[in-house]
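Here is a short tour for anyone meeting this structure for the first time. Take a look at the model before reading on.

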Amino acid sequence: MKKKLGMFIARKVGNSIVLTVPSKAGVKLGERFELTQKDNDTLIYKKAIDSNPWFNGEYDDIDFKKEIAKIGNPDTMQVGKENISW
């Protein structure tokens, strides 16, 4: 079921045009959305399903300092000097 949440006026904020989302829409701060424009100028915002672990919360509970201590820091590792005995 669709709910009509009201009418909104586009306004300028910096170099962007902004449409306000009312709090009763239940959108959380930081949520990401996809925008689609149909041929009749209808704009459709859909909640983005993000497979990027940096944005979807998959890495939220990882202790990166602990991981670096366990495997080493790739920024300080020596690369390209492998000793391979043929």
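Which residue in S4 is the bridge partner of Thr 36? Ile 44 is the one to look for. Keep in mind throughout that this is a predicted model.

## The overall picture

Let's step back from that pair for a moment. The protein has 1 helix and 4 strands, and if you walk along from the N terminus you meet them in the order β-β-β-β-α. So much for the parts list; now for the overall form. The C-alpha trace spans about 70 × 30 × 30 Å along its principal axes. The radius of gyration is 23 Å, whereas a compact globule of 86 residues would come in near 12 Å.

There isn't much of an interior here: just 2% of the 86 residues count as buried. Contacts tell a related story. Take those between residues at least 6 apart in sequence, and 2% of them join residues at least 24 apart.

## Surface and charge

About 8900 Å² of the protein is exposed, and 54% of that comes from carbon and sulfur atoms. As for charge, there are 15 positive side chains and 12 negative ones. The centres of these two sets sit 11 Å apart.

## The hairpin

Back to the strands we started with. S3 covers residues 33-37 and S4 covers residues 43-47. They run antiparallel, with 5 bridges joining them, and the link from Thr 36 to Ile 44 is a bridge between these strands. Together S3 and S4 make a hairpin, with 5 residues between the two strands.

Which residue in the turn has a positive phi? That's Asp 41, found in the loop between S3 and S4. Its phi is near 70 degrees, and Asp 41 is not a glycine. Most residues other than glycine have a negative phi. Is Asp 41 buried or exposed? Asp 41 is exposed, because its relative accessible area is 56%, over the 50% cut-off.

## The end of S4 and just beyond

Lys 47 belongs to strand S4. With a relative accessibility of 56%, Lys 47 counts as exposed. Even so, Lys 47 has company: setting aside neighbours within four places in sequence, Lys 47 is in contact with Glu 31, Arg 32 and Phe 33. Glu 34 is 13 residues away from Lys 47 along the chain, and their C-alpha atoms are separated by 6.2 Å.

Next comes Ala 48, which is placed in the loop between S4 and helix H1, the helix at 64-71. Why does Ala 48 count as partly exposed? Ala 48 has 24% relative accessibility, so this residue falls between the buried limit of 20% and the exposed limit of 50%.

Which residues does Ala 48 touch, not counting residues up to four places away in sequence? The answer is Arg 32, Phe 33 and Glu 34. Arg 32 and Phe 33 also appear among the contacts of Lys 47. Finally, the C-alpha atoms of Ala 48 and Glu 31 are 8.1 Å apart, with the two residues separated by 17 places along the chain.

Methods. Residues are numbered from 1 along each chain as its sequence is written. This is a predicted model: local features need pLDDT of at least 70, side-chain atom pairs count only at pLDDT 80 or more; totals for chains, interfaces and linings use all residues. Side-chain values use heavy atoms; hydrogens and water are left out. The radius of gyration is taken over C-alpha atoms; the globule rule is 2.2 Å times the number of residues to the power 0.38. Buried means under 20% relative accessible area, exposed over 50%, partly exposed in between (1.4 Å probe, protein chains only). Contact means heavy atoms within 4.5 Å. Accessible areas come from the Shrake-Rupley method with a 1.4 Å probe; for residues, only the protein chains shown count as cover. Lys and Arg count as positive and Asp and Glu as negative; His and the chain ends are not counted. The place of a charge is taken as NZ of Lys, CZ of Arg, CG of Asp or CD of Glu. Two strands pair if DSSP finds at least two bridges between them.
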